Amino acid sequence: MKLNIQLTPEDYVRANFLNLRPRPAFKLAGYAFLVFAIFILGISFYQAVARREDFLVVPLIVAGGLVYLAFFFGFRWPQRLKKIFRQQKSLHSPYSIEVGDEMIFTKSENGESKLPWDFFIKWKENSGLITLYQSDIMLHIFPKRSFASPEEVAQFREMLIKKIGPARS
């Protein structure tokens, strides 16, 4: 299988969000924390209003924290990742990948590499990307648009399962 890849800043942002995606247990804990924070916010606001107190410190702190998280993950972090993409010129060049039984061969105008399958420890997938990891932070990005067809994506996924194991959450 041969792929021609040209990454975009959006690919880089999506790959980093995919990398950040927590394991199911941590995801559940995060949702539980969010529900708890909203519950505390509601109770604190209700108590302040019911008692006609002007003391809204707890609800304001909780609301401020939630607004900060929404701002950070919705705006600030994606902008920072796009800046990093612009700085790292090697991500701008198109490159080709040949996927074989023994290794993945990558070639660009800047060089080439041969990576045996045992160099990879895990892979993840979302609706637009597959990421292949050499370590927890060293990843290779495969936009699904780079594949010739959905069948080729499925064939690549099957090879990943055979060589590395099931996708990690």
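Helix α3 gives the most to the nonpolar surface patch, with 5 residues. The model is predicted. The patch is made by Leu20, Tyr68, Leu69, Phe71, Phe73 and Phe75. Its area is about 590 Å².

Take Phe73 as a sample. Phe73 sits in helix α3. Its relative accessible area is 35%. Buried means under 20% and exposed means over 50%, so Phe73 counts as partly exposed.

Now look for charge. Arg76, Arg80, Lys83 and Arg86 form a positive surface patch. Arg86 belongs to helix α3, which covers residues 57-87. Is Arg86 buried, partly exposed or exposed? At 48% relative accessibility, Arg86 is partly exposed. The cut-off for exposed is over 50%, so 48% does not reach that class.

Step back to the whole protein chain. It holds 4 helices and 7 strands. Along the sequence, the order is β-α-α-α-β-β-β-β-β-β-α. How does the radius of gyration compare with the globule rule? The radius of gyration is 22 Å, and the rule gives 15 Å for 169 residues. The value is well over the rule, so the protein chain is more spread out than a compact globule.

The overall dimensions can be read from the C-alpha trace. Along its principal axes, the trace spans about 70 × 35 × 25 Å. Burial completes the picture. Of the 169 residues in the protein chain, 30% are buried.

Methods
Residues numbered from 1 in each chain as written. Predicted model: local features only at pLDDT ≥ 70, side-chain atom pairs only at ≥ 80, totals over all residues. Heavy atoms only, no water. Patch = residues over 30% accessible without salt bridge, like charges linked within 9 Å, V, L, I, M, F, W, Y side chains within 5 Å. Areas by Shrake-Rupley, 256 points an atom, 1.4 Å probe, with all protein chains shown as cover. Salt bridge = Lys/Arg side-chain N within 4 Å of Asp/Glu carboxyl O. Lys, Arg positive; Asp, Glu negative; His and termini not counted. Charge placed at Lys NZ, Arg CZ, Asp CG, Glu CD. Helix = DSSP H or I, 4+ residues; strand = E, 2+ residues; numbered from the N terminus. Buried < 20%, exposed > 50% of the residue type's maximum accessible area, 1.4 Å probe, protein only. Rg over C-alpha atoms; globule rule 2.2 N^0.38 Å.
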